[in-house]
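Please consider the sequence and the three-dimensional model shown below. The paragraphs that follow lead from one loop residue to the overall fold, and then to the helices and the aromatic contacts.

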Amino acid sequence: MGIGMIIRGAKRKFEEKLKTGEMGALARKIAKPAGLVGYIVRGIVFGLAGVFVTKAAIEFDPKEAKGLDGTLKTLAGQAYGQWLLTVCAIGLALFGVYSFFEARYRKL
């Protein structure tokens, strides 16, 4: 799922969902980069959570399985953890901004 989100962001496939013709210039200027960065960061965070779940399954250790909060706590414990968390927070916030535009301009 994380890889799919990264690909969707990098290839800008999320733009196919939007009625860009109805958007103003400022809305397009904000929504497209927010979607690009937001999808990629969201994919990375979800991908890391998937790695922890897979590791727990392989090692038969359910304590190793981590959700989104556990993944972010693990990032915080790494060298440069605060910087990684800041990047994740900004990226997830940008995904939230994109989501507002998608809610308003989504093709049905």
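**From a loop residue to the helical fold**

Arg12 lies in the loop between H1 and H2, where helices (H or I, at least four residues) and strands (E, at least two) are DSSP runs, numbered from the N terminus. Its phi is near 60 degrees, a positive value in a residue other than glycine. With a relative accessible area of 35%, Arg12 is partly exposed; buried means under 20% relative accessible area, exposed over 50%, and partly exposed in between (1.4 Å probe, protein chains only).

The model is predicted, local features need pLDDT of at least 70, side-chain atom pairs count only at pLDDT 80 or more, and totals for chains, interfaces and linings use all residues. Residues are numbered from 1 along each chain as its sequence is written, and side-chain values use heavy atoms, with hydrogens and water left out.

The protein contains four helices and zero strands, and its pattern along the sequence is α-α-α-α. Along the principal axes, the C-alpha trace spans about 50 × 30 × 20 Å. Of the 108 residues, 28% count as buried. The exposed area is about 6,900 Å², of which carbon and sulfur atoms supply 66%; accessible areas come from the Shrake-Rupley method with a 1.4 Å probe, and for residues only the protein chains shown count as cover. Among contacts (heavy atoms within 4.5 Å) between residues at least 6 apart in sequence, 65% join residues at least 24 apart.

The charged side chains comprise 17 positive and 8 negative ones, and the centres of the two sets lie 9 Å apart. In this count Lys and Arg are positive and Asp and Glu negative, while His and the chain ends are not counted. The place of a charge is taken as NZ of Lys, CZ of Arg, CG of Asp or CD of Glu.

How far apart are the end C-alpha atoms of helix H2? They are 51 Å apart, which agrees with the 51 Å that the 35 residues of H2 (residues 25-59) should span at 1.5 Å a residue. The expected span of a helix is 1.5 Å times one less than its number of residues. The buried residues of H2 include Ala27, Ala31, Gly35, Tyr39, Phe52 and Ala56. Against which helices do the buried residues of H2 pack? Their partners are helix H1 (2-10), helix H3 (68-76) and helix H4 (81-105). After H2 comes Phe60, whose phi is positive, near 55 degrees.

Within helix H2, Ala31 offers a detailed example. Ala31 is buried, because its relative accessible area is 0%. Leaving aside neighbours within four places in sequence, Ala31 is in contact with Phe14, Met23, Tyr98 and Phe101. The C-alpha atoms of Ala31 and Glu16, which are 15 residues apart along the chain, are separated by 12 Å.

Tyr80 has its place in the loop between H3 and H4. Its phi is near 65 degrees, a positive value in a residue other than glycine. Tyr80 is exposed, with a relative accessible area of 66%.

Helix H4 has 25 residues and reaches 36 Å from its first C-alpha to its last, close to the 36 Å expected at 1.5 Å a residue. Its buried residues are Gly81, Cys88, Gly91, Phe95, Tyr98, Phe101, Glu102 and Tyr105, and their cover includes H2 and H3. The acidic member of this list, Glu102, counts as buried at 11% relative accessibility. Not counting residues up to four places away in sequence, Glu102 touches Lys17, Leu18 and Tyr39.

The aromatic side chains complete the picture. A pair of aromatic rings is described by the distance of the centres and the angle of the planes. Rings of Phe, Tyr and Trp (its six-membered ring) pair if their centres lie within 6.5 Å; planes under 30 degrees apart count as stacked, over 60 as edge-to-face and the rest as tilted. A search of the whole structure finds five aromatic pairs. Why is the pair of Phe14 and Tyr39 stacked? The ring centres are 5.6 Å apart and the planes are at 20 degrees, so the pair is stacked. This pair links distant parts of the chain, with Phe14 in the loop between H1 and H2 and Tyr39 in helix H2, 25 residues apart. Both Phe14 and Tyr39 are buried. Ring pairs also link Phe14, Tyr39, Phe95 and Tyr98 into a cluster.
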